[in-house]
There are 2 protein chains.
Amino acid sequence: MEVHMSQPLADDLGFLLSRASGQVVRATNSALAGHGLRVRQYSVLTLACQAAEGISQRELASVLGLDPSQVVLLVDELTAAGLVERQAQEADRRTRLVVATPEGHRVRETAREDADAAMETPLSLLGEAERERLRDMLTRIWTATG
Amino acid sequence: MEVHMSQPLADDLGFLLSRASGQVVRATNSALAGHGLRVRQYSVLTLACQAAEGISQRELASVLGLDPSQVVLLVDELTAAGLVERQAQEADRRTRLVVATPEGHRVRETAREDADAAMETPLSLLGEAERERLRDMLTRIWTATG
DNA sequence: CCTCCATCGTTGACAACCTCCACGATACCG
DNA sequence: CGGTATCGTGGAGGTTGTCAACGATGGAGG
């Protein structure tokens, strides 16, 4: 027999998750504004920088949890800014690999410092062990749906 | 001396937070669709249900982490659906208290079951102790900025 | 080889959301 | 009484989310 108390919204994980996320996105966005980037663009740029061989837009969408059509615009903007390039792939001419330009790597490096610094305020009450635990839990939430 | 390794995006707490949040919001939204609600409306309705005396829109905005102008629309929609009412406050005639109607309480109760059920999938890999710990951390992230 | 079907990127449309600014009404303080 | 602050509201402009299509390419099977 399960008792169903009306749990306050302040205890609802979904609510807490989206509120905290909004807070962090806001902070990061204003930190990245000086570099002419938004978080989404920064995420794409980061993934492109990490993939030595480049990364397909399909995979970008999958990792970011976005609709592929959103990725198109993000890559368009990054390309216009000269931070990223679309390269043809020999094996499969449908996919276009997104690779970071040297300028892209530079910008991402300096932007990362500001982005990380901006995160320190909201995370100030969490120790390093807790952050690691938080990373682990958030990753599991993501993988739970596939 | 601090070593600055280029941390992968998959370890960035801001990124993990917004991705998990998006996932949960998506799941909850589709669960609430049958009740004619979106998460934001559901959150407002829940807060109105919890506050016996009603709650001001300013406070709603503050708790939800939203701009007050967004709350206006949400309350408008809930009012149109007959789930909530704006009541004048004697003490301060500027503020209008948002209170849930009997119908609002009923809808919120049945909607809550579906919303909670929808959360079970993304949270399936987390035990109850972990969820409690997650609640605590997310709350601290929120309070860290004020 | 040819046909059917899946996948990738892309476009367009539309709703939802966020941010900021401004206004009228009301409250509070001196 | 006058200045200042707060509450709700409205509007503009940009960003994001969702969905349905389309052309181009790839792959499997007859």
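This report describes a predicted model with two protein chains and two DNA strands.

## Ground rules

Local features in this predicted model need pLDDT of at least 70, side-chain atom pairs count only at pLDDT 80 or more, and totals for chains, interfaces and linings use all residues. Residues are numbered from 1 along each chain as its sequence is written, while chains are lettered from A and ligands numbered from 1 in the order in which they are written.

## Chain A at a glance

Chain A has 6 helices and 3 strands. Helices (H or I, at least four residues) and strands (E, at least two) are DSSP runs, numbered from the N terminus. Along the sequence the pattern is α-α-β-α-α-β-β-α-α.

The C-alpha trace of chain A spans about 60 × 35 × 25 Å along its principal axes. Chain A holds 146 residues, and 36% of them count as buried. Buried means that 20 or more other C-beta atoms, placed from the backbone, lie within 10 Å of the residue's own; a residue is exposed at 12 or fewer, and partly exposed in between.

## The sheet of chain B

In chain B, 3 strands form an open sheet in the order S1-S3-S2, with antiparallel pairing. The edge strands are S1 (55-56) and S2 (84-88) of chain B, and each pairs on one side only. Two strands pair if DSSP finds at least two bridges between them. S2(B) and S3(B) (residues 96-100) are joined by 5 bridges. Here Glu85(B) stands opposite Val99(B).

Two helices meet this sheet. H2(B) (residues 39-50) lies across S1, S2 and S3 of chain B, at about 90° to S3(B). H4(B) packs on the sheet and touches S2 and S3 of chain B, and its direction makes about 110° with that of S2(B). Axes are lines fitted to C-alpha atoms, for helices over the stretch in contact, and angles run from 0 to 180 degrees between N-to-C directions.

## Where the chains meet

In all, 42 residues of chain A are in contact with 42 residues of chain B. Contact means that two C-beta atoms, placed from the backbone, lie within 7 Å. On the chain A side, H1, H2 (39-50) and H6 (128-143) each give two or more residues. H1(A) gives the largest share, 14 residues. This side divides into 22 nonpolar, 14 polar and 6 charged residues. Ala, Val, Leu, Ile, Met, Phe, Trp, Tyr, Cys and Pro count as nonpolar, Asp, Glu, Lys and Arg as charged, and the others, Gly among them, as polar.

A rotation of 180° with 0.0 Å of shift along its axis superposes chain A on chain B, with RMSD 0.0 Å. That is the relation of a two-fold axis. The fit uses least squares on the C-alpha atoms of residues with pLDDT of at least 70 in both copies. Of the interface residues of chain A, 100% are also interface residues in chain B, so the copies meet through the same surface.

## Around the DNA

DNA strand C is surrounded by 22 residues, the closest being Gln57(A), Arg58(A), Ser69(A), Asp67(B) and Arg93(B). A residue is near a strand if its C-beta atom, placed from the backbone, lies within 6 Å of it. H4(A) gives the most to this surface, with 4 residues. By class, the surface near DNA strand C has 4 nonpolar, 7 polar and 11 charged residues.

DNA strand D also has 22 residues around it. Among them, Arg93(A), Ser56(B), Gln57(B), Arg58(B) and Ser69(B) come nearest. Here H4(B) gives the most, with 4 residues. The surface near DNA strand D divides into 4 nonpolar, 7 polar and 11 charged residues.
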